[in-house]
Amino acid sequence: MPRAIIFDFDGLLVDTETAIYESWKTVYSDHGQFLELETYKQCVGSDFGQFNPEDELERRTERAFDWTSINIKREQAIREQLATQDARPGVREFLERATDAGIKLAVASSSSRAWVAGWLEKLGIRQHFDALRNRDDVTRIKPYPDLFLSACKALDISPSQSLVMEDSENGLRAAKAAGIPCVIVTNPVTEGGDFRDAMLKAECFTSPSVKQLVNETNTDEG
């Protein structure tokens with residue numbers, strides 16, 4: 001069993017993904033368009049290199065937009081929606097049990113360090129993580145393996161001794177490219193994705209199969 005667990009952040013530890021998707025749906029609706037979830041999913045866990053909703057809206061409407069102004073309003077709507085957002089159910093308990101079991105923990109996220117660190121502090125769970133790796137630390141983000149490999153290096157643990165926990169298809173691709181087994185915990189945006197390469201898929205951290213990951217690790221290490 002793994003000596004380290006590397007977590008994604010957005011959509012996994014906190015469901016920020018739903019608010020972000022809803023904000024883009026609103027922008028599209030304001031211009032007579034509908035942003036399909038299956039289309040939008042291409043950029044979840046990565047960046048607009050996989051799918052750019054700005055370019056897509058301009059293509060559909062054959063118009064150019066003031067994205068600076070639109071995104072200021074969109075990001076304000078996201079902040080308002082997430083103002084009272086908590087960690088996903090079971091996350092705190094899982095982190096506490098993993099910490100008690102002596103498992104090294106890290107976050108490897110395609111988002112910025114300021115975003116992730118700010119959330120971890122706000123939620124009161126920053127102390128559980130031995131390392132944070134974000135888009136600021138690597139040249140290529142997910143679906144490339146760089147973030148997960150950087151996290152392994154920071155923890156001084158080989159990929160073969162690690163486990164990744166993710167919520168997105170891009171995250172799963174990155175874990176597979178890094179040679180690290182991946183557990184998927186879906187959210188409303190990512191559910192229904194192609195996760196056939198995951199070692200386990202669940203809907204929440206309170207799932208018995210997810211809880212057992214720490215139990216199994218604790219037993220093997222003990």
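**Exercise 1. Work out whether Phe9 is buried or exposed in this predicted model, and find out which parts of the chain its ring pair with Trp119 ties together.**

*Solution.* Start with accessibility. Phe9 has a relative accessible area of 0%, so file it under buried. Now do the partner: Trp119 comes out at 7% relative accessibility, and that counts as buried as well.

Next, place the two residues. Phe9 sits in the loop between strand 1 (4-7) and helix 1 (17-30), while Trp119 belongs to helix 6 (residues 113-123). Those parts are 110 residues apart in sequence, so the ring pair ties together distant stretches of chain.

**Exercise 2. Decide how to label the Phe9–Trp119 pair and the Trp115–Trp119 pair: stacked, tilted or edge-to-face?**

*Solution.* You'll need the angle cut-offs here: under 30 degrees is stacked, over 60 is edge-to-face, and the rest are tilted.

- Phe9 and Trp119: the ring centres are 6.5 Å apart and the planes meet at 45°, so call this pair tilted.
- Trp115 and Trp119: here the centres are 6.0 Å apart with the planes at 70°, so this pair is edge-to-face.

Then look at where the second pair sits. Trp115 and Trp119 are four residues apart in helix 6, which puts about one helical turn between them. Trp115 is partly exposed, at 28% relative accessible area, whereas Trp119 is buried at 7%.

To finish, widen the view. The whole count comes to nine aromatic pairs, and one aromatic cluster is made of Phe7, Phe94, Phe129 and Phe205.

**Exercise 3. Describe the surroundings of Glu166: which residues is it in contact with, beyond its neighbours within four places in sequence?**

*Solution.* First, the address: Glu166 is in strand 4 (residues 162-166). Its relative accessibility is 0%, so this glutamate is buried.

Now collect the contacts, skipping neighbours within four places in sequence. You get Asp8, Leu12, Lys142, Phe148, Gly171, Leu172, Cys182, Val183, Ile184 and Val185.

Pick out Leu12 for a closer look. Leu12 and Glu166 are 154 residues apart along the chain, yet 6.2 Å separates their C-alpha atoms.

**Exercise 4. Explain why helix 7 can be called largely enclosed, and list what its buried residues pack against.**

*Solution.* Count first: helix 7 (residues 146-155) has ten residues and seven of them are buried, so the rest of the structure largely encloses this helix. The buried set is Asp146, Leu147, Phe148, Ser150, Ala151, Cys152 and Leu155.

Then list the packing partners: strand 1, strand 2 (104-108), strand 3 (131-133), strand 4 and helix 8 (169-178). One of the buried residues, Phe148, already turned up among the contacts of Glu166.

Last, check what comes after the helix. Asp156 follows helix 7, and its phi is positive, near 60°.

**Exercise 5. Find how many cavities of 30 Å³ or more the structure holds, and sort the lining of the largest cavity by residue type.**

*Solution.* Begin with the idea behind the search: rolling a probe the size of a water molecule over the atoms reveals where empty space remains. Across the whole structure, one cavity of 30 Å³ or more shows up. The largest cavity holds about 50 Å³ of space.

Now name the lining: Lys41, Val44, Ser168, Glu169, Asn170, Thr190 and Phe195. Sorted by type, these residues split into two nonpolar, three polar and two charged.

Note on methods
Residues numbered from 1 in each chain as written. Predicted model: local features only at pLDDT ≥ 70, side-chain atom pairs only at ≥ 80, totals over all residues. Heavy atoms only, no water. Helix = DSSP H or I, 4+ residues; strand = E, 2+ residues; numbered from the N terminus. Buried < 20%, exposed > 50% of the residue type's maximum accessible area, 1.4 Å probe, protein only. 1 Å grid on protein atoms, 1.4 Å probe; cavity = no way out; pocket = protein on both sides within 12 Å on 5 of 7 lines; lining within 4 Å. Points joined across faces, edges and corners; volume = space filled by probe spheres on them. Nonpolar A, V, L, I, M, F, W, Y, C, P; charged D, E, K, R; others polar. Contact = heavy atoms within 4.5 Å.
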